[in-house]
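Reader: Hi! Could you walk me through this one while I have it open?
Author: Happy to, let's take a look together.

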Amino acid sequence: MLNAEEQLEGLYRGVIMDHYRRPRNRGNLAGSGKVAEGRNPLCGDSVRFEMLLRDGVVEKIVFDGHGCAISISSASMLTELLEGKTVEEAKALIASAAHFLKGERDGVDEEELGDVAALEGVAKFPVRIKCALLPFVAVRGALED
């Protein structure tokens, strides 16, 4: 019989693998306004985001790229997290998620992070933190322009 922690870890692994195998919002947008790209030269992960912003709201965000299960899942989760949010809300969510992924949980509302909370285990593996953060860093840069 699995204890509660083991059950939770299994659930989180399932969420991560689901986003990896069936990424949400993968593709391209015709005539999108903002483009964000991120690359990790150490492992070869690469992501590209296209965002349609209308009246200060992330109306649509898609990504494409290649990499490990963590980076692709993280990119997929990020698109779901930001769609429909104002630019300011998106920036705040990205900052909150970055703290969370680094293991800094004080003041972070895990429910607000949606599926991103499934990546909590990366904090135990510093090398994997970069994989999970890659999409967030890329999109943050585009939103700050």
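**Around V116 and the core**

Author: Let's begin with V116: apart from neighbours within four places in sequence, V116 is in contact with M77, L81, A97, F100, L101 and F136. Keep in mind that this is a predicted model.

Reader: Thanks! Which residues have the most contacts inside the largest nonpolar core?
Author: V116 is one of them, along with F49, I70, L82, L101, F136 and V139, in a core of 41 residues. At least two residues each come from β2 (46-54), β3 (57-66), α2 (69-82), α3 (87-101) and α4.

Reader: And which element gives the most to this core?
Author: That would be α4, with 10 residues. As background, nonpolar side chains in soluble globular proteins tend to be buried together.

Reader: Let's zoom in on α3. Which of its residues are buried?
Author: In α3 the buried residues are V87, A90, L93, I94, S96, A97, A98, F100 and L101. They pack against β2, β3, α2 and α4.

Reader: What about the span of α3, first C-alpha to last?
Author: The 15 residues of α3 reach 21 Å, close to the 21 Å expected at 1.5 Å a residue. Just after α3 comes G103, with a positive phi of about 90 degrees.

Reader: Which residues have a positive phi although they are not glycines?
Author: N25 is one, with a phi of about 55 degrees, and D55 also has a positive phi of about 55 degrees. You'll find N25 in the loop between α1 (4-21) and β1 (34-39), while D55 sits in the loop between β2 and β3.

Reader: Is D55 buried or exposed?
Author: D55 counts as exposed, because its relative accessibility is 78%.

Reader: Switching to cysteines: how many disulfides does a search of the whole structure find?
Author: Zero. A disulfide is a covalent bond between the sulfur atoms of two cysteines.

Reader: Why is there no bond from C43 to its closest cysteine sulfur?
Author: Because the sulfur of C43 is 4.6 Å from that closest one, in C131, which is too far for a bond. The cut-off for a disulfide is a pair of sulfur atoms within 2.5 Å.

Reader: And C131, which cysteine has the closest sulfur there?
Author: For C131 it is C68, at 3.7 Å, so again too far for a bond. C131 is buried, with a relative accessible area of 4%, whereas C43 is partly exposed at 43%.

Reader: I also clicked on G141. Where is G141?
Author: G141 is in helix α4 (residues 126-144), and at 31% relative accessibility G141 counts as partly exposed. From the C-alpha of G141 to that of V57 is 16 Å, with these positions 84 residues apart along the chain counted as their separation.

Reader: Let's zoom out. What pattern does the protein chain follow along the sequence?
Author: The order is α-β-β-β-α-α-α, which comes to four helices and three strands.

Reader: How does the radius of gyration look for 145 residues?
Author: The chain has 15 Å, which agrees with the value near 15 Å for a compact globule of that many residues. Along its principal axes the C-alpha trace spans about 50 × 30 × 25 Å.

Reader: What about burial and surface?
Author: Buried residues make up 39% of the 145 residues. The accessible surface is about 7,800 Å², and 51% of this belongs to carbon and sulfur atoms.

Notes:
Residues numbered from 1 in each chain as written. Predicted model: local features only at pLDDT ≥ 70, side-chain atom pairs only at ≥ 80, totals over all residues. Heavy atoms only, no water. Buried < 20%, exposed > 50% of the residue type's maximum accessible area, 1.4 Å probe, protein only. Core = buried A, V, L, I, M, F, W, Y, C linked by side-chain atoms within 4.5 Å. Contact = heavy atoms within 4.5 Å. Expected span 1.5 Å × (residues − 1). Rg over C-alpha atoms; globule rule 2.2 N^0.38 Å. Areas by Shrake-Rupley, 256 points an atom, 1.4 Å probe, with all protein chains shown as cover.
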